[in-house]
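I am opening a notebook page on this structure. The entries follow the order in which I looked things up.

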Amino acid sequence: MTRQTQVVVIGGGQSGLAAGYHLRRLGIDFTILDTQATPGGAWQHVWDSLRLFSPAAFSSLPGRLMPPQPGEPYPDAQHVVDYLADYEKRYELPVQHGVQVQSVRRDGHLLLVDTDSGSLRARAVISATGTWSRPLLPAVPGRASFRGEQLHTVDYRRPQDFAGRRVIVVGGGNSGAQIAADLAGHAALTWVTLRPPRFLPDDVDGRVLFDVATARRKALDAGRTDTGGVASLGDVVAVPPVRSARDHGLLRAAPMFTRLTADGVQWPDGTRAAADTVIWCTGFRPALSHLAPLGLRGARGHIPMSGTRAADEPRLHLLGYGDWTGPASATLIGVGRPARDAAREIAALVA
């Protein structure tokens with residue numbers, strides 16, 4: 001059976017909920033489809049020690065401040081899950097959990113959203129599926145010959161699982177630094193980065209990053225010189241566990257190896273290191289396969305955008321995939337503005 005609504009939001013994580021908040025305020029009929037069985041989005045699946053970069057009040061979705069977590073200046077992932085579940089309930093957002101969206105297709109003046117539990121026709125679609133479900137594994141020579149365990153950021157949970165093991169963590173961003181810091185003292189750790197890690201100043205947290213990203217977007221929109229944004233400050237936010245490991249000399253990064261061997265890795269000069277596990281903290285790609293029937297993908301797998309709207313499909317908006325869909329839009333505090341802008345454009349479309 002095919003149902004009809006004004007707007008379908010695909011994804012019930014932080015971006016989808018922010019979109020739902022603004023659509024509700026504008027009186028638009030919508031439904032949110034989420035593949036997760038329970039509220040909380042990808043935050044339900046991150047590693048145990050993960051902490052936000054910012055205090056709770058600066059990690060909030062529109063309309064409701066995140067309450068502080070007792071005894072924790074930077075909330076953990078479970079606190080975020082609880083906040084998102086409460087947010088969904090408080091605003092009575094129509095989230096259908098456990099629904100897998102298979103495709104979005106054009107259907108005359110409407111868009112047809114096919115799922116594993118039926119189809120919906122809509123005047124507009126907001127895609128907010130994020131990146132967590134599409135981990136990126138680099139094509140490193142010898143990867144198929146390595147006899148040990150290979151994991152990605154999405155697979156890591158706790159350091160106790162690697163006690164006494166020889167672990168190589170690959171990646172110089174926040175995930176690589178945090179997981180390396182988590183493992184220090186539990187495993188025989190080698191942290192490998194493509195370039196020397198650049199730690200942001202210790203007083204820089206998510207509040208500063210959001211302001212810097214917003215200022216860069218404003219400068220670009222006004223035709224001014226690119227400030228470089230967050231990348232100009234560094235790659236790694238020095239959250240307390242990372243700062244502690246760094247200051248105790250436990251986060252010394254080795255350069256990137258050239259290949260994997262059967263039992264480890266090898267560098268250009270022939271130096272080798274044995275490993276039981278390699279953890280690839282090498283980022284993600286946007287989860288956009290459901291949009292393939294629309295034929296919109298451009299360079300680097302991104303869809304050309306005008307703000308949050310797909311440049312070649314005015315009925316489609318994207319939220320939460322990174323700066324190309326709005327400044328800091330992949331963050332809790334950053335998604336509010338692009339979600340508001342998308343809702344306003346959609347309101348004009350369906351009026």
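**Entry 1: a residue pair.** I started with Leu 111. It stands opposite Ala 122 in β6. I note that the model is a predicted one. Leu 111 belongs to a pairing I then looked up in full: strand β5, residues 110-115, pairs with β6 in the antiparallel sense, over five bridges. The connection is a hairpin, and two residues take the chain from β5 to β6.

**Entry 2: other partners of β6.** I stayed with β6 and turned to β1. Strand β1 covers residues 2-10 and runs parallel to β6, with eight bridges joining them. I picked out one contact here: Ile 10 has Ser 127 of β6 as its bridge partner. Ser 127 came up again when I checked β17. Its bridge partner in that strand is Leu 318. Strand β17 spans residues 313-318, and its pairing with β6 is parallel, over three bridges.

**Entry 3: burial of β6.** Is β6 largely enclosed or open, and why? I checked residues 118-127, which make up the strand, and eight of the ten are buried. I count a residue as buried when its relative accessible area is under 20%. Strand β6 is therefore largely enclosed by the rest of the structure.

**Entry 4: a three-stranded sheet.** Next I looked up β11, β12 and β13. They form an open sheet in the order β11-β12-β13, with antiparallel pairing. Its edge strands are β11 (259-260) and β13 (272-274), and each of these pairs on one side only. I then took the β12 to β13 pairing by itself. Strand β12, residues 264-266, is joined to β13 by three bridges, and the two run antiparallel. Within this pairing, Gln 266 has Arg 272 of β13 as its bridge partner.

**Entry 5: cavities.** How many cavities of 30 Å³ or more does the structure hold? I found three. For the largest cavity I noted a volume of about 60 Å³.

**Entry 6: lining of the largest cavity.** I listed the residues that line the largest cavity: Trp 47, Ser 49, Arg 51, Gln 178, Ala 181, Asp 182, Val 239, Pro 241 and Val 242. By class, five are nonpolar, two polar and two charged. Which helices each supply at least two residues of this lining? They are α3 (174-183) and α5 (240-247). Helix α3 gives the most to the lining, with three residues.

Methods. Residues numbered from 1 in each chain as written. Predicted model: local features only at pLDDT ≥ 70, side-chain atom pairs only at ≥ 80, totals over all residues. Heavy atoms only, no water. 1 Å grid on protein atoms, 1.4 Å probe; cavity = no way out; pocket = protein on both sides within 12 Å on 5 of 7 lines; lining within 4 Å. Points joined across faces, edges and corners; volume = space filled by probe spheres on them. Helix = DSSP H or I, 4+ residues; strand = E, 2+ residues; numbered from the N terminus. Nonpolar A, V, L, I, M, F, W, Y, C, P; charged D, E, K, R; others polar. Pairing = 2+ DSSP bridges. Buried < 20%, exposed > 50% of the residue type's maximum accessible area, 1.4 Å probe, protein only.
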